[in-house]
Amino acid sequence: MSKYNKEIISFIQDSYGTHEFIPLHAPVFLGNEKKYVADTIDSTFVSSVGTYVDKFELMMSSISGTNKSIAVVNGTSALQVALRLAGVNAGDEVITQALTFIATINAIIYNGASPIFIDVDIDTMGLSPNAVDAFLEEFGEMREGICYNKKTNRKIAACMPMHTFGFPVHLDDLLKVCNKWNIPLVEDAAEAIGSEYHSKPVGSFGKLGVFSFNGNKIVTSGGGGAIVTNDIELGIKAKHLTTTAKIPHPYEYVHDEIGYNFRMPNLNAALACAQLEQLPKFIDSKRTLAFEYDSFFKSKGIKFRTELPQTQANYWLMCVELENKQEREAFLKETNENGVMTRPIWQLIFKSPLYAGFQKDEQINAMYLEDRIVNIPSSVR
Ligand SMILES: Cc1ncc(COP(=O)(O)O)c(C=O)c1O
């Protein structure tokens with residue numbers, strides 16, 4: 001094993017105070033989790049309605065700085081519905097990044113639309129406003145106030161950046177480009193609860209934003225998601241669509257649309273409420289770890305990713321940028337063989353044959369990062 005990797009493994013083991021297996025991200029249950037979950041069992045309201053669902057939605061509005069939040073079964077379904085409400089229909093196109101988790105792209109395809117893969121910025125690892133602008137200058141065409149792709153003749157119905165590992169994208173610049181082309185912004189903030197851009201929570205910049213509460217996130221509901229928006233009417237529509245589009249009535253079953261049963265159960269919402277109460281503490285703990293990692297990796301001449309000046313990152317998954325793919329392979333092999341879990345950043349989505357046919361730009365930055373970025377243990381200590 002290289003001297004460097006040996007020192008890194010020891011540092012991570014010391015940081016977590018153990019020589020046992022260290023996962024990438026494990027949940028921490030130190031608050032009211034058991035009490036709230038037991039409440040739902042005692043009340044019998046474990047399923048799709050209950051006080052914890054309402055409480056969770058209020059807490060999420062407050063945390064995301066938005067007017068309306070809707071609790072749903074997971075982040076993927078939240079993205080699917082958010083896109084539909086932003087106006088994405090079958091046959092449309094959505095601008096997004098190829099350097100992301102598969103759910104970002106699947107949510108587009110579930111709506112019958114196609115992704116357009118645009119490059120990311122090196123500094124944020126998220127969708128690049130300059131690259132989006134360059135693409136639209138070449139292929140965009142306004143027809144009666146709506147942006148079309150000249151190459152495919154299809155409507156570009158939304159732009160969906162993803163805040164990679166909780167590091168916010170350049171939102172001001174991206175919004176400028178989207179506004180110029182009248183394209184609604186939908187934020188995939190699945191990984192970015194609590195992150196801020198110019199002191200404002202991410203997820204609140206777009207027409208709609210989405211969060212995930214999967215077990216690997218900073219706070220978890222077991223499985224769950226949230227749609228957030230400042231547009232109250234859209235929020236009401238999101239609630240309606242995710243609750244089978246049933247018209248409120250004391251006893252009749254009448255549905256006015258083909259909706260979804262995407263409701264978050266009260267049992268899961270109870271867990272989420274207890275977790276959300278601890279979010280500030282969790283983020284503080286992660287920021288302390290990030291600070292320690294940063295000074296350690298600096299001393300070894302290895303790049304550790306830190307937040308940009310105008311942002312506050314939640315440091316969901318922390319990562320190092322290695323010299324090249326060879327270094328990456330050695331690092332992954334040696335850490336994982338020695339009980340320290342590390343993972344490479346995602347394979348670029350279009351490299352899978354299933355997703356290969358969609359339009360894309362040159363992806364120079366995405367390819368650079370794909371070869372070098374590795375996640376290291378990031379759990380709350
Ligand atoms: C970027 C991104 N988008 C969407 C999702 C989907 O969320 P979920 O797993 O809750 O469906 C995740 C993670 O799980 C994610 O990391």
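Three exercises on a predicted model follow, each with a worked solution.

This is a predicted model, where local features need pLDDT of at least 70, side-chain atom pairs count only at pLDDT 80 or more, and totals for chains, interfaces and linings use all residues. Residues are numbered from 1 along each chain as its sequence is written, and side-chain values use heavy atoms, with hydrogens and water left out.

**Exercise 1. Describe the largest pocket and its lining.**

Step 1. Fix the term. On a 1 Å grid over the protein atoms alone, a pocket is an open set of points where a 1.4 Å probe fits, with protein on both sides within 12 Å along at least five of seven lines; lining residues have an atom within 4 Å of a point.

Step 2. Take the volume. It is about 430 Å³ for the largest pocket, counted as the space filled by probe spheres set on the points.

Step 3. Go to the centre. The lining has 27 residues, and Phe101, Glu191, Asn216, Lys217 and Trp316 are the closest to the centre of the pocket.

Step 4. Find the elements. Helix H4 (75-86), helix H5 (102-110) and strand S15 (343-344) each give two or more residues to this lining. H4 has the largest share, three residues. Helices (H or I, at least four residues) and strands (E, at least two) are DSSP runs, numbered from the N terminus.

Step 5. Sort the lining. It holds 13 nonpolar, 10 polar and four charged residues. Asp, Glu, Lys and Arg count as charged; Gly is among the polar ones.

**Exercise 2. Place the ligand and list its contacts.**

Step 1. Locate the ligand. It takes the space of the largest pocket; more than half of its atoms must lie within 2 Å of the grid points.

Step 2. Name the shell. There are 15 residues around the ligand, and Gly75, Thr76, Glu191, Ser212 and Lys217 come nearest. A residue is near if one of its heavy atoms lies within 4 Å.

Step 3. Find the main supplier. H4 gives the shell three residues, the largest share.

Step 4. Read the polar contacts (N or O pairs within 3.5 Å). Ligand oxygen atoms are 2.6 Å from a side-chain N or O atom of Thr76 and 2.6 Å from one of Glu191. A ligand nitrogen is 2.8 Å from one of Asp188.

**Exercise 3. Locate two residues with positive phi that are not glycine.**

Step 1. Take Asn182. Its phi is near 50°, and it sits in the loop between helix H7 (171-180) and strand S7 (186-188).

Step 2. Take Gln363. Its phi is about 60°, and its loop runs between S15 and helix H12 (364-372).

Technical notes:
Polar contact = N/O pair within 3.5 Å; in protein donor to acceptor, adjacent residues only side chain to side chain.
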